[in-house]
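Visitor: Before we go into detail, I would like to hear the reasoning behind each description, with the value set beside its criterion.

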Amino acid sequence: MEKYDVIIVGSGPAGLGAAFHLLKKNSNLKIMMLEREKVSTGGLRNDCKMNFTFPIGFPLENWTREQAEHYLEMVIHELKPDIFKKKNLSTYFKRAENLGVELLDIKQTHLGTDGGLRLIKQLIAELQECGVDIKLETEMTGIDAAGKSIITDKGEFRYEKLLIAPGRKGFRFLQSVMDSLEVQYIDHIVDIGVRIETKLENYPIVTDYYDPKFLFPDKVRTFCTNSGAAHVVREKYGTASGKPYFSVNGHAFSGDRAPNGLVNFAMLKTVTFTQPLASGQEFAENLGLQAMLMGGGKPIMQRVGDFRLGKRSKAESFNDDLYNFEPTQPNCTPGDISLSMPAKILRGIWKSMKALDTIIPGVLHPGTIMYYPEIKLYANKPEYLDGNFKAYDNIYFAGDGAGTSRGITAAWASGIRAAEGILG
Ligand SMILES: Cc1cc2nc3c(=O)[nH]c(=O)nc-3n(C[C@H](O)[C@H](O)[C@H](O)COP(=O)(O)OP(=O)(O)OC[C@H]3O[C@@H](n4cnc5c(N)ncnc54)[C@H](O)[C@@H]3O)c2cc1C
């Protein structure tokens, strides 16, 4: 059985951050990186918007500002981002402040879905040049911790140190690993919300601030804003019993593509369970299934004009003169979001939308579309043995699936932090 100094599972930013840091510190290490897909699947592959300011992407239970800023310096050094300039924001800051809303000033850049793919290819090629054994389309399925080996669909491999960074889609896989190792964890936090799509003229702030981050009371925030050649997409997930449901998301291509005059962004509410300590994953899955029931197996979309009048949207709502643009994600069912979304979440999001419409008048144009559900599962919270995300003897976790990040740059930073632990 082939043996490696370090095996890294997952080629997302957490795995990549770890690999580059390990090589920088010791270029003689024999490293293998495993990826179950042809190309890594997370945010590097989709949209690739990068935020370089705390607290964006950093779960506060794992990161202090000082720690995040220290590692972000290293991420910036590695990725050399072209940080976008922001302008004309003073009015928005003032209006937000008057309403008790915070507009964060975040350093950010955007490569686009096409630019992200180019970056992944470049990074993987660099690792290969440095001798990293990259095994694509190879899935880790189990572990023999006593024998220090992992089981994959292409055979078994031995490790000295193991980093598992399987991302959000590997959330359940990581839970199975933790169950087999008897690592304790909770997953009691989840983000639920809608994706808003509107005309650029209704949300002009994006021409001055690419992805404006508004924090509203009630734990609601704007998230992942896309403009230029921007589209709403569907992502397929499965429940523990194998039932499928969709979550919507958004992305944009790089500046090379012709703009379509539309903007999309998520309005998310964070829900935390305490008494009883419920699983965020199960809660979200139930909401996903409920939405599929109401949408005939598809996400629901509703025009703001219909929502305001308490009416469901119908196919006609998507052709009326006020309803003046075609949805970029037509594979959704016109319907009534309020039949699917828990009241507390809906109230929090609608109140925040009204505040946003006061800060940027126009975003609640009758034609604006709300797509539901948008679900963010990232909240496995393992009990770590140290500050480098060690979960078990010689085994480390990092990235979104392991609750150490919620975005590309923080995932990369968490990979570096785990690599430091691996290097001892
Ligand atoms: C559609 C989409 C768009 C996003 N857009 C952005 C964005 O623009 N900006 C931003 O900051 N964040 C974005 N995010 C979030 C971002 O993707 C994550 O924060 C980040 O990628 C997490 O990095 P990671 O390395 O933990 O996981 P990932 O990037 O998800 O990488 C994990 C990798 O592990 C692989 N894997 C999983 N299980 C196994 C296994 N058993 N064996 C082998 N390989 C496995 C997966 O295929 C995947 O490639 C987006 C997420 C999604 C889903």
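Guide: Let us begin with helix H9 in this predicted model: 13 of the 16 residues of H9 are buried, so H9 is largely enclosed by the rest of the structure.

Visitor: What makes a residue of H9 count as buried?

Guide: A residue is called buried if 20 or more other C-beta atoms lie within 10 Å of its own, and 13 of the 16 residues of H9 meet that criterion.

Visitor: How do you know that the span of H9 agrees with its number of residues?

Guide: The expected span is 1.5 Å times one less than the number of residues, which for the 16 residues of H9 (residues 408-423) gives 22 Å; the end C-alpha atoms are 23 Å apart, so the two values agree. Just after H9, Gly424 takes a positive phi of about 75°.

Visitor: Why is the protein called as compact as a globular protein of that length?

Guide: The protein contains nine helices and 22 strands. Its radius of gyration is 22 Å, and the globule rule gives 22 Å for 424 residues, so the protein is as compact as a globular protein of that length. Taken along the principal axes, the box that its C-alpha atoms fill is roughly 65 × 45 × 40 Å, and buried residues make up 50% of the 424 residues. Among contacts with a separation of 6 or more, 78% are between residues 24 or more positions apart.

Visitor: What makes S1 and S9 a pair of strands?

Guide: Pairing requires at least two bridges, and six join strand S1 (residues 3-9) to strand S9 (residues 155-164), so the two count as paired, running parallel. One of the residues involved is Val9, whose bridge partner in S9 is Ile164.

Visitor: Which other strands pair with S9, and in which sense?

Guide: Strand S8 (residues 149-152) runs antiparallel to S9, with four bridges between them, and a hairpin of two residues joins S8 to S9; Ile151 has Glu156 as its bridge partner in S9. Strand S22 (residues 395-397) pairs with S9 in the parallel sense over three bridges, where Ile164 has Phe397 as its bridge partner. Ile164 is thus a bridge partner of Val9 and of Phe397.

Visitor: Which residues and elements surround the ligand?

Guide: The shell holds 42 residues, and the closest are Gly12, Gly42, Gly43, Gly167 and Gly399. Helix H1 (13-25), strand S3 (49-51) and H9 each supply at least two residues of that shell. By class, the shell has 14 nonpolar, 18 polar and ten charged residues, with Gly counted among the polar ones.

How values were computed
Residues numbered from 1 in each chain as written. Predicted model: local features only at pLDDT ≥ 70, side-chain atom pairs only at ≥ 80, totals over all residues. Rg over C-alpha atoms; globule rule 2.2 N^0.38 Å. Buried ≥ 20, exposed ≤ 12 C-beta atoms within 10 Å, placed from the backbone. Contact = placed C-beta atoms within 7 Å. Near = placed C-beta within 6 Å.
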